[in-house]
Amino acid sequence: MSHVIPSGPLVLAADPLLNQGLGPGIVGIVLLKVVVAFVLLLVSVMLMIWFERKLVADMHNRIGPSVAGPFGILQTLADGIKLFFKEDLVPDRADRIVFKLAPYLSLIPAFLVFAIVPIGGDFSGDGTVTLFGERTYLQVADPPVGVLFFLALSSIAVYGVMLAGWSSGSKYPLLGSVRASAQMISYEAALGLAIASVFLTSGSLSTHDIVAGQVAGHWNVLATGVVPFLVFLVAGTAELNRPPFDLVEAEQELVGGFHTEYSSLRFALFFLAEFMNVITMSAIAVTLFLGGPAGPILTDTLGWVWPILWFGLKVFAFLFGFVWLRATLPRFRYDQLMDLGWKVLIPVSLGWFLLIATLNVARDRGWPILVVVLGGVAVMVVAAAMLSGAVDKARADRLAGAEDEGVDA
Amino acid sequence: MGYFRGFAVTFRKMFEQRVTTPYPKQKRDKPTRFHGRHVLNRYEDGMEKCIGCELCAGVCPAQCIYVRGADNPEDAPVSPGERYGFVYEINYLRCIHCDLCVEACPTEAITETNLFEFSFTTRADAVYTRDELLVDAETGQPNHLPWEDWRPGDDEHTSGWMRATASSGDSTYQGRVAWSGELGYGVRAAEPVEPTESAEPPVDGGGS
């Protein structure tokens with residue numbers, strides 16, 4: 001531990017904490033941040049599950065969990081303890097190794113994503129806080145690839161769901177996992193394109209830089225023109241398999257979907273990963289579009305509390321929204337889901353991405369902005385008309401073909 | 001904007017009065033005619049009303065009643081007739097509390113109390129025997145078994161609401177609630193039935 005790593009572009013982070021070399025104190029702070037992020041995520045999952053059940057109950061005019069602890073706040077803990085003591089079942093026809101691996105493939109990415117989210121720090125300065133005399137970011141890691149890390153991990157999480165269904169050796173989980181992989185892959189394209197618009201505006205992949213670029217109210221939600229944000233919301237909800245896109249575990253059709261055959265702790269891991277993903281997706285949305293911890297710092301003492309508070313409030317608004325969606329909207333049909341993903345979200349986000357790119361180029365080259373905007377919009381309208389024409393033509397052909405074969409269309 | 005009206009509905013619901021009762025902490029009043037655990041009644045002199053005719057067992061859709069009749073011992077009769085219920089068992093693992101046995105009983109021997117909070121843990125406890133079902137020979141009140149959770153007042157008048165018209169079919173009692181004599185309560189006076197919405201006389205169960 002005595003050798004000193006020279007400052008410079010470290011793979012892990014541009015965090016000022018790591019620029020002076022690694023001493024035991026620095027490692028201690030990093031470990032502390034890891035532990036805090038881990039515990040924070042676990043506790044917030046626990047509260048999230050309770051909050052969701054309570055809020056959905058409120059919206060259903062019910063009471064919800066009320067027995068374990070004050071207002072039933074310990075309900076999740078009770079459920080966890082119960083699941084822990086349940087029999088751990090591996091079906092006879094399951095592929096044992098993959099079956100046991102799958103929950104971790106879901107869980108670990110869910111944990112890791114949270115590492116790149118800056119949850120605090122005063123970004124009107126350089127976004128650092130001082131911990132034990134060392135200046136550091138309030139995020140576990142700030143890799144230069146930043147948000148790509150998030151996209152990569154959420155792709156890995158698809159494997160968890162897919163392999164769980166595949167290895168169960170049972171019908172419903174297989175159907176659930178086929179749906180899941182199709183849904184998550186198609187919506188990841190729209191999600192990625194929406195995020196790409198943010199890259200274009202921010203000019204960086206690092207979450208810290210993206211947040212730093214949004215100080216003083218220049219939030220990306222407006223800077224990118226709202227559309228990527230809306231696409232991100234819809235695609236993110238689908239990516240999370242939350243209602244109204246919860247076809248993966250549609251209880252009425254597929255029993256429990258991909259985790260039908262799971263029980264005990266393995267089921268708990270899936271459940272944990274699912275709710276953890278809700279929280280991390282909200283945190284990512286806040287980071288990318290809503291300025292992360294940005295917000296007015298109202299007091300001089302304890303000034304570092306305010307950014308964390310603003311960040312928590314923004315995430316909470318998203319969580320409320322997810323629960324609200326669940327309480328209100330019925331589930332999409334499978335073909336509607338695919339139509340929305342491929343025929344609406346991907347074209348819209350791709351078009352918007354191209355428009356923002358064009359505007360950036362126009363600004364650099366000094367082209368007249370108005371002309372570029374009008375031209376861009378005209379091109380997009382033509383493209384949309386062509387696309388919808390193609391879709392209509394394909395449908396008409398399909399219906400005609402079906403009639404020829406005497407099948408009811 | 002019609003798409004978003006649903007969101008307004010769910011949002012408004014959050015602030016409405018709840019209709020759910022947190023059950024074990026707070027218990028709602030039960031309807032007067034709630035179908036609960038059965039009792040076997042006695043006449044005022046302590047004689048059992050059951051005559052062992054097995055009509056209840058015959059009508060039971062869940063086949064949870066087992067009755068065997070026997071001739072009354074001449075020196076110590078159990079019921080005022082020729083025969084009495086020698087064995088009487090109700091299996092509460094099967095009973096659906098439909099009340100058809102009560103309807104079928106010619107002597108109003110079997111009625112249902114309002115008690116529903118009796119969760120037993122063994123099969124033997126689940127099958128109620130004649131001794132457990134019979135009302136107390138002194139007070140005319142139902143037995144309180146260890147696993148039963150009687151609320152105050154639940155064990156009063158456990159057969160009181162039974163007949164809306166005279167059991168004997170006497171036309172002078174049409175439209176009046178009349179009771180047969182009962183241990184601990186005697187013969188209660190007939191009461192006029194609340195006027196029903198239709199002008200037709202209540203056929204059965206018109207009391208409130």
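Here are some worked exercises on this predicted two-chain model, each with a step-by-step solution.

Before you start: residues are numbered from 1 along each chain as its sequence is written, and chains are lettered from A and ligands numbered from 1 in the order in which they are written. Since the model is predicted, local features need pLDDT of at least 70 and side-chain atom pairs count only at pLDDT 80 or more, while totals for chains, interfaces and linings use all residues.

**Exercise 1. Work out how H1 and H10 of chain A cross, and which residues make the contact.**

Step 1: find the two helices. H1(A) covers residues 24-59 and H10(A) covers residues 264-289. Helices here are DSSP runs (H or I, at least four residues) and strands are E runs of at least two, numbered from the N terminus.

Step 2: get the geometry. The two axes come within 9 Å and cross at roughly 95°. An axis is a line fitted to C-alpha atoms, for helices over the stretch in contact, and angles run from 0 to 180 degrees between N-to-C directions.

Step 3: name the arrangement. H1(A) is roughly perpendicular to H10(A), a label for angles of 65 to 115 degrees (under 35 is roughly parallel, over 145 roughly antiparallel, the rest oblique).

Step 4: list the partners. H1(A) brings A:Leu41, A:Ser44, A:Val45, A:Met48 and A:Ile49, and H10(A) brings A:Leu272, A:Phe275, A:Met276, A:Val278 and A:Ile279. Contact means C-beta atoms, placed from the backbone, within 7 Å.

Step 5: sort them by class. You should get nine nonpolar, one polar and no charged. Ala, Val, Leu, Ile, Met, Phe, Trp, Tyr, Cys and Pro count as nonpolar, Asp, Glu, Lys and Arg as charged, and the others, Gly among them, as polar.

**Exercise 2. Is H10(A) largely enclosed or left open, and what does it give to the core?**

Step 1: check its length. At 1.5 Å a residue, the 26 residues should span 38 Å, and the end C-alpha atoms are indeed 38 Å apart. The expected span is 1.5 Å times one less than the number of residues.

Step 2: count burial. Of those 26 residues, 23 are buried, so H10(A) is largely enclosed by the rest of the structure. Buried means 20 or more other C-beta atoms within 10 Å of a residue's own, exposed means 12 or fewer, and partly exposed is in between.

Step 3: look at the core. The largest nonpolar core has 93 residues, and those touching the most other members are A:Ala190, A:Phe232, A:Ala235, A:Leu272, A:Phe275, A:Ile279 and A:Ala285. H10(A) gives the largest share of this core, 17 residues. A nonpolar core is a set of buried Ala, Val, Leu, Ile, Met, Phe, Trp, Tyr and Cys residues joined through C-beta atoms within 7 Å.

Step 4: zoom in on one member. Leaving out residues up to four places away in sequence, A:Phe275 touches A:Val45, A:Met48 and A:Ile49.

**Exercise 3. Describe the setting of A:Pro244.**

Step 1: place it. A:Pro244 is in the loop between H8 (227-239) and H9 (251-254) of chain A.

Step 2: check the backbone. A cis peptide bond joins A:Pro243 and A:Pro244, with omega about 5°.

Step 3: check exposure. With 17 other C-beta atoms within 10 Å, A:Pro244 is partly exposed.

Step 4: find its contacts. Beyond four places in sequence, A:Pro244 meets A:Leu325, A:Leu329, A:Pro330, A:Arg331 and A:Phe332. A:Phe322 is 78 residues away in sequence but 9.6 Å away in space, C-alpha to C-alpha.

**Exercise 4. What do the buried residues of H11(A) pack against?**

Step 1: pick out the buried residues of H11(A), including A:Trp310, A:Phe311, A:Lys314 and A:Phe318.

Step 2: find their partners. They pack against H1 and H10 of chain A, together with H1 (5-13) of chain B.

**Exercise 5. Summarise chain B and its contact with chain A.**

Step 1: count elements. Chain B has five helices and seven strands, running α-β-α-β-β-α-β-α-β-α-β-β from the N terminus.

Step 2: check burial. Of its 208 residues, 26% are buried.

Step 3: count the contact. Chain B gives ten residues and chain A gives nine residues. The chain B side has four nonpolar, three polar and three charged residues.

Step 4: spot the odd backbone. B:Asp99 has a positive phi of about 80° although it is not a glycine; this residue is in the loop between S3 (83-91) and H3 (100-104) of chain B.
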